[in-house]
Amino acid sequence: MLRLAVIGVVAGFFSALFGVGGGLITVPLLLLLTQFGERPAMATSLGAIGLTALAGTIRYGFHGEVEWGYAALIGLPAAVGAVVGTGVQQRMQTRSLSFAFAALLVVVGVLLLTT
């Protein structure tokens, strides 16, 4: 339980500080520090991201910094993408899913280092 709470604090902190997707932090930590498999880690991360996003939105909303129209233009298609992505993920073999996620992390890391 303590590991999960620490993962949550770390993911929330970096998500709010840098605007990174919580999945880039949460999923690897769940895989490395707990006995989660890929699918449960990703599903748990998505549930946690919803709560984290709500908390961050409330905080930024109190400061008048949320652009609601743009949030809807990004959020509604993202919700559709999440449903489609989940459908694709459920059809992938676990090994392929692991390699795809590792490749995504490498690409993101390289892009961040070169910009």
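Two residues are said to be in contact when they have heavy atoms within 4.5 Å, and that idea of packing will guide us through this predicted model.

Let's start with the overall picture. The protein has five helices and zero strands, and reading along the sequence gives the pattern α-α-α-α-α. The C-alpha trace spans about 45 × 35 × 30 Å along its principal axes. Of the 115 residues in the protein, 15% are buried. If you look at contacts with a separation of 6 or more, residues 24 or more positions apart account for 51% of them. On the outside, the protein exposes about 8,300 Å², and carbon and sulfur atoms supply 74% of that area.

Now turn to helix H1, which covers residues 2–18. Its 17 residues should span 24 Å at 1.5 Å a residue, and the C-alpha atoms at its ends are indeed 24 Å apart, so expectation and model agree. Which residues of H1 are buried? They are Ile7, Ala11 and Ser15. Seen down the helix axis, the buried residues of H1 fall within an arc of 55 degrees, so they line one face of the helix. The spacing makes sense, because an α-helix has 3.6 residues a turn and residues three or four places apart point the same way. On the other side of H1 you will find Leu2, Val9 and Leu17, which are exposed. The buried residues, in contrast, pack against helix H2 (22–33) and helix H3 (38–62). Just after H1 comes Gly19, whose phi is positive, at about 75 degrees.

While you are still at H1, have a look at its aromatic residues. The protein's count of aromatic pairs comes to one. That pair is formed by Phe13 and Phe14: the ring centres lie 5.3 Å apart and the planes meet at 80 degrees, so the arrangement is edge-to-face, the class for planes over 60 degrees apart. Phe13 has a relative accessible area of 49%, which makes it partly exposed. Phe14 is also partly exposed, at 29% relative accessibility.

From here we can follow Ile7 inward. Setting aside residues up to four places away in sequence, Ile7 touches Thr26, Leu29, Leu30, Leu33 and Thr34. Ile7 also belongs to the largest nonpolar core, whose seven residues are Ile7, Val27, Leu30, Ala41, Met42, Leu97 and Phe101. At least two residues of this core come from each of H2, H3 and helix H5 (94–114).

Two polar residues are worth a stop on the way out. Ser45 sits in helix H3. Is Ser45 buried or exposed? With a relative accessibility of 3%, Ser45 counts as buried, since the cut-off is under 20%. Leaving out residues up to four places away in sequence, Ser45 touches Gly22, Gly23, Thr26 and Val27. Val27 is one of the core residues, and Thr26 is among the residues that Ile7 touches.

The other stop is Gln89, found in helix H4 (residues 68–91). Gln89 has a relative accessible area of 10%, so this residue is buried too. Beyond its neighbours within four places in sequence, Gln89 is in contact with Arg39, Met42 and Leu97. Met42 and Leu97 both appear in the largest nonpolar core, which brings our walk back to the centre of the story.

Terms used:
Residues are numbered from 1 along each chain as its sequence is written. This is a predicted model: local features need pLDDT of at least 70, side-chain atom pairs count only at pLDDT 80 or more; totals for chains, interfaces and linings use all residues. Side-chain values use heavy atoms; hydrogens and water are left out. Helices (H or I, at least four residues) and strands (E, at least two) are DSSP runs, numbered from the N terminus. The expected span of a helix is 1.5 Å times one less than its number of residues. Buried means under 20% relative accessible area, exposed over 50%, partly exposed in between (1.4 Å probe, protein chains only). The arc is that of the directions from the helix axis to the C-beta atoms. Rings of Phe, Tyr and Trp (its six-membered ring) pair if their centres lie within 6.5 Å; planes under 30 degrees apart count as stacked, over 60 as edge-to-face and the rest as tilted. Accessible areas come from the Shrake-Rupley method with a 1.4 Å probe; for residues, only the protein chains shown count as cover. A nonpolar core is a set of buried Ala, Val, Leu, Ile, Met, Phe, Trp, Tyr and Cys residues joined through side-chain atoms within 4.5 Å.
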